[in-house]
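Colleague: I am new to this structure. Can we go through it in short questions and answers?

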Amino acid sequence: MQADFNCPVLAIDTSTSYLSLSLRHNGKTYTYHEPAGTRQSELVLPQIGVLFAKAHITTADLGAIIYAQGPGAFTGLRIGAGIAQGLSTPFATPLIGVPCLDAVAYQKPERPCVLAATDARMGEVFYAWFDTANHRRLSGYQVGKAAEITAPEGMVCSDSIGNAFALADKPPFDGEANMPTAADYLNLAASGRYPATDAAHAELLYIRNKIALTAKEQAERKGNT
């Protein structure tokens with residue numbers, strides 16, 4: 001399936017507490033990026049409609065829809081993917097899922113060894129290592145304790161970025177807490193490095209099999225800290 005970036009392209013990121021949208025058409029980029037909390041599902045379609053109105057387009061005009069693939073907030077990811085699939089289905093619009101840690105890492109382009117790390121809740125972080133200069137991922141997508149993160153063998157961390165660096169228990173590297181917007185996802189998708197698919201085959205990237213702890217597990221974890 002082939003995305004058409006000569007047509008309008010929409011990007012949706014609901015992987016955090018923000019609702020982030022970006023629409024590119026005729027060389028102009030229209031954006032919405034605001035804290036939404038639990039109101040993402042209520043706001044996302046109206047705000048997409050606002051962007052469409054500004055660009056004077058409809059859903060049928062889209063050449064591709066990009067969505068944040070994960071890892072991230074479980075409910076938010078499902079909202080974003082569901083909206084992307086719903087907009088795609090009537091017109092067979094190609095969908096492009098961009099992994100969230102990739103979008104985080106590529107805020108630091110042309111670097112040999114970037115740590116992207118984000119808050120995974122439950123005392124853990126999502127993380128992966130990237131060579132953004134040569135467009136390579138240097139590790140798997142992982143989840144674990146921030147303090148236990150180590151650089152890939154033989155590599156020295158050049159930059160670290162992501163909201164994990166705003167946590168009290170942050171990774172043991174100097175880093176910036178910056179997070180990407182939907183415009184960053186759109187730019188990555190436009191690179192052609194991420195495959196397009198149809199709505200039926202769009203997938204989310206989950207790297208934690210368990211999304212919640214029982215009360216007993218929470219108490220045990222607190223006792224071990």
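Colleague: How far is the sulfur of Cys 113 from the closest cysteine sulfur, and in which residue is that sulfur?
Modeller: Keep in mind that this is a predicted model. A disulfide needs two cysteine sulfur atoms within 2.5 Å. The sulfur of Cys 113 is too far from its closest cysteine sulfur for a bond. The distance is 5.6 Å, and the partner sulfur is in Cys 157.

Colleague: How many disulfides does the structure hold?
Modeller: The cut-off for a disulfide is 2.5 Å between sulfur atoms. The count for this structure is zero.

Colleague: Is Cys 113 buried or exposed?
Modeller: Buried means under 20% relative accessible area. Cys 113 has a relative accessible area of 0%, so Cys 113 is buried. Cys 100, at 5% relative accessibility, also counts as buried. For Cys 113, then, the word is buried.

Colleague: Why does Ala 128 count as buried?
Modeller: Ala 128 is found in strand E7, residues 124-131. Leaving aside neighbours within four places in sequence, its contacts include Leu 101, Val 114, Leu 115 and Tyr 141. Ala 128 counts as buried because its relative accessible area is 0%.

Colleague: How far apart in space are Ala 128 and Ala 60?
Modeller: In sequence, 68 residues separate Ala 128 and Ala 60. In space, C-alpha to C-alpha, the distance is 36 Å.

Colleague: Which residues of H2 make the contact with H1?
Modeller: Helix H1 spans residues 40-55 and helix H2 residues 74-88. They pack at an angle of about 35 degrees, with their axes 10 Å apart. The H1 side of the contact is Gln 40, Ser 41, Val 44, Leu 45 and Ile 48. The H2 side is Gly 76, Ile 79, Ile 83 and Leu 87.

Colleague: How many charged residues are in the contact of H1 with H2?
Modeller: By class, six residues are nonpolar and three are polar. The number of charged residues is zero: there are no charged residues.

Colleague: Which residue follows H4, and what is its phi?
Modeller: Helix H4 covers residues 182-190, and its buried residues include Tyr 185, Leu 186 and Leu 188. Among what covers them are strand E1, strand E4 and helix H3. After H4 comes Gly 192, with a positive phi, near 80 degrees.

Colleague: Which residues does UniProt list for "domain: Gcp-like"?
Modeller: The unreviewed entry gives one stretch under that name. Over that stretch the chain is 32% helix and 26% strand, and the end C-alpha atoms are 44 Å apart. The UniProt listing is residues 39-154.

Conventions. Residues numbered from 1 in each chain as written. Predicted model: local features only at pLDDT ≥ 70, side-chain atom pairs only at ≥ 80, totals over all residues. Heavy atoms only, no water. UniProt positions renumbered as here; feature names shortened; annotations may be inferred. Helix = DSSP H or I, 4+ residues; strand = E, 2+ residues; numbered from the N terminus. Axes fitted to C-alpha atoms, helices over the stretch in contact; angles between N-to-C directions. Contact = heavy atoms within 4.5 Å. Nonpolar A, V, L, I, M, F, W, Y, C, P; charged D, E, K, R; others polar. Buried < 20%, exposed > 50% of the residue type's maximum accessible area, 1.4 Å probe, protein only.
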